[in-house]
Amino acid sequence: MRYSLLILLFLFSFFSEASHIIGGNFEVSQTGSNDFKITLFVFRDCRPQAVQLSDLYISVFDQNTHAEVANQLLNVQPGQKITLGDECNTPSSLCVEKYIFEYNITLPDNPNGYTIAAQVCCRNSIIDNLVTPSQTGMTWSADIPDPAIQNNTPQLGPYPTKGFLCLNDLRTLDLRATDPDGDSLYYELVNPFTSSGSGGPISPPSAPPYNPVTWFAGYSASNAIPGNPPLTINPNTGIVECSASQLGLFVFAYSVSEYRNGQKIGEVRRDMQLQVLPCEVNQLPQFLSPQQLTYETKAHEETCIPIVVVDSNDLDSIYLISDFNAVPNYDGNSIPSSIQKSGFQEVRGTICYTPNCMDVSIVEKINITLKAVSFNCKYTDSITENLVISLKTINPDVEELFPNVFTPNGDGINDFFQLIEPISIPCLSDFEIRIFNRWGTLVYEHKGADFNWDGKYKAREASEGVFYFIINGSYTDEPFTYKNFLTLIR
């Protein structure tokens, strides 16, 4: 999959209007009986036009009463750039930085558990699935159980390096989390949370519960990015899948809940945005030739079939090969020529086959399989085409090639003594025939399998009766002598 100038223009338009925050999530580790390390990961657009990230507050609330237990203003530290791209490209216009805010705190045992939160304002103004995104804040939260339980939240892992989608192309993102305590994890698409802030002075986050964002009509947590399929997440694996049907910038969120002994004990959420780009979608190679799939040939007749395979993805390499089998199976002396060629965009070749006499006496058809494999940085595609060359077969028994009765009466039917199967002529060599009457007189002789006696001797019609013939020659390269009686009837 590659990216064209169209993508670069699209990205330039996006980033020229962008704010700065792309998403974020919490991770909480219990380092002692009541000691915790709270880590907030914030993902920011790092294009030159983006606004710089500022200091922010992290607050802790009682999960049931929503009373604030503690808050702390944390200073922003230098971020770490994340390179986005897939196996085929690293678009230079995609730029994300990860910022880490850390807060060490001691929390008393509390059967209610705690909610940890942070808030910023506001989102990118050109987000397509939210109402007034530039006035819609962002809240990150995590619910942790009573410290007496001893628990660490799931670790959501790094920001996905394949953090973008391609229009009308099925793509997957690996959002699998790990749990240090071995708890069971459950994934779900959820409503992103907004915040009450309006971009004024930095202040601690408001207390829960938090309000969901306002979706544009037709969008929801389960349809944040429309497509076939729309954005979905596997509840057991955390694998996200989508074949987006609309270009743009879209917000979504997912939660990871942890269960111990069948009971939910905590939850973390990640808020994200994904761009749908007009990527060049991978296409299968295609056979332009042959345009017909069945052929017919006979002994010593050459049949040549031109082969052309193309791939519209101009950077894909193409490997073209052929194989064949005879029906019935036969290890003959003549086989079709083969193709084993490679190239880019287009590969041409020719398969030729000239059966010999032994082939046409045994083989009914030759099946040829063409296989074209295209390779790029991500995909290996293959297509096949099946050709059939039918053989005009000959009788393997030379004695059955000659009749023993003919009627040269001028009715156009059986007027000549000649081969029953003229198709066998190319397979008869060193051929000589002599015909004698009942008194031993030679009445006809000919060299070559194209003989045709009209029943005349010295330009006069021979009498009806029985004649005797002797044939010498080779049939399918095997010498033979054949003698038999011939009846002439008028």
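Which residues does isoleucine 58 touch, not counting residues up to four places away in sequence? Select isoleucine 58 and its contacts (heavy atoms within 4.5 Å): Phe26, Ile38, Leu40, Ala70, Asn71, Gln72, Leu74, Tyr103, Ile116, Ala117 and Ala118.

This is a predicted model, in which local features need pLDDT of at least 70 and side-chain atom pairs count only at pLDDT 80 or more, while totals for chains, interfaces and linings use all residues. Residues are numbered from 1 along each chain as its sequence is written, and side-chain values use heavy atoms, with hydrogens and water left out.

**Cores**

Ile58, Trp140 and Ile225 have the most contacts inside the largest nonpolar core, which has 63 residues. Such a core is a set of buried Ala, Val, Leu, Ile, Met, Phe, Trp, Tyr and Cys residues joined through side-chain atoms within 4.5 Å. Buried means under 20% relative accessible area, exposed over 50%, and partly exposed in between, with a 1.4 Å probe and protein chains only. Next, select Phe287, Ile368, Tyr475 and Leu488, which are included in a second, separate core of 51 residues.

**Strand 18**

Select residues 303-310, which form strand 18. Strands (E, at least two residues) are DSSP runs, numbered from the N terminus. Of the 8 residues in strand 18, 6 are buried, so the rest of the structure largely encloses this strand.

Two strands pair if DSSP finds at least two bridges between them. Strand 16 (residues 286-289) runs antiparallel to strand 18 and is joined to it by 3 bridges; phenylalanine 287 has valine 309 as its bridge partner. Strand 21 (residues 346-353) also pairs with strand 18 in the antiparallel sense, over 8 bridges. Here valine 310 is partnered with glutamate 346.

**The open sheet and its hairpin residues**

Now show strands 24, 30, 29, 25 and 26, which make an open sheet of 5 strands in the order 24-30-29-25-26, with mixed pairing. Strand 24 (405-406) and strand 26 (442-447) are at the edges with a single partner strand each, so one side of each has no neighbour in the sheet.

Strand 29 and strand 30 (residues 478-488) run antiparallel and are joined by 11 bridges; one pair to display is glycine 473 with phenylalanine 480. In the loop between strand 29 and strand 30, threonine 476 has a positive phi of about 50 degrees although it is not a glycine. Threonine 476 counts as buried, at 12% relative accessibility.

**Second largest pocket**

Select Asn437, Trp439, Ala462, Ser463 and Phe467, which lie nearest the centre of the second largest pocket among its 13 lining residues. On a 1 Å grid over the protein atoms alone, a pocket is an open set of points where a 1.4 Å probe fits, with protein on both sides within 12 Å along at least five of seven lines; lining residues have an atom within 4 Å of a point. This pocket holds about 180 Å³ of space. Strand 29 gives the largest share of its lining, 3 residues.

**Backbone outliers**

Most residues other than glycine have a negative phi, and most peptide bonds are trans. Select cysteine 121 and cysteine 122: a cis peptide bond joins them, with omega about 10 degrees. Cysteine 122 is in the loop between strand 7 (114-120) and strand 8 (138-144). Proline 208 and proline 209 are also joined by a cis peptide bond, with omega about 0 degrees.

Finish at histidine 66, in the loop between strand 3 (56-62) and strand 4 (68-74). Histidine 66 has a positive phi of about 65 degrees and is partly exposed, with a relative accessible area of 27%.

Conventions: Points joined across faces, edges and corners; volume = space filled by probe spheres on them. Helix = DSSP H or I, 4+ residues; strand = E, 2+ residues; numbered from the N terminus.
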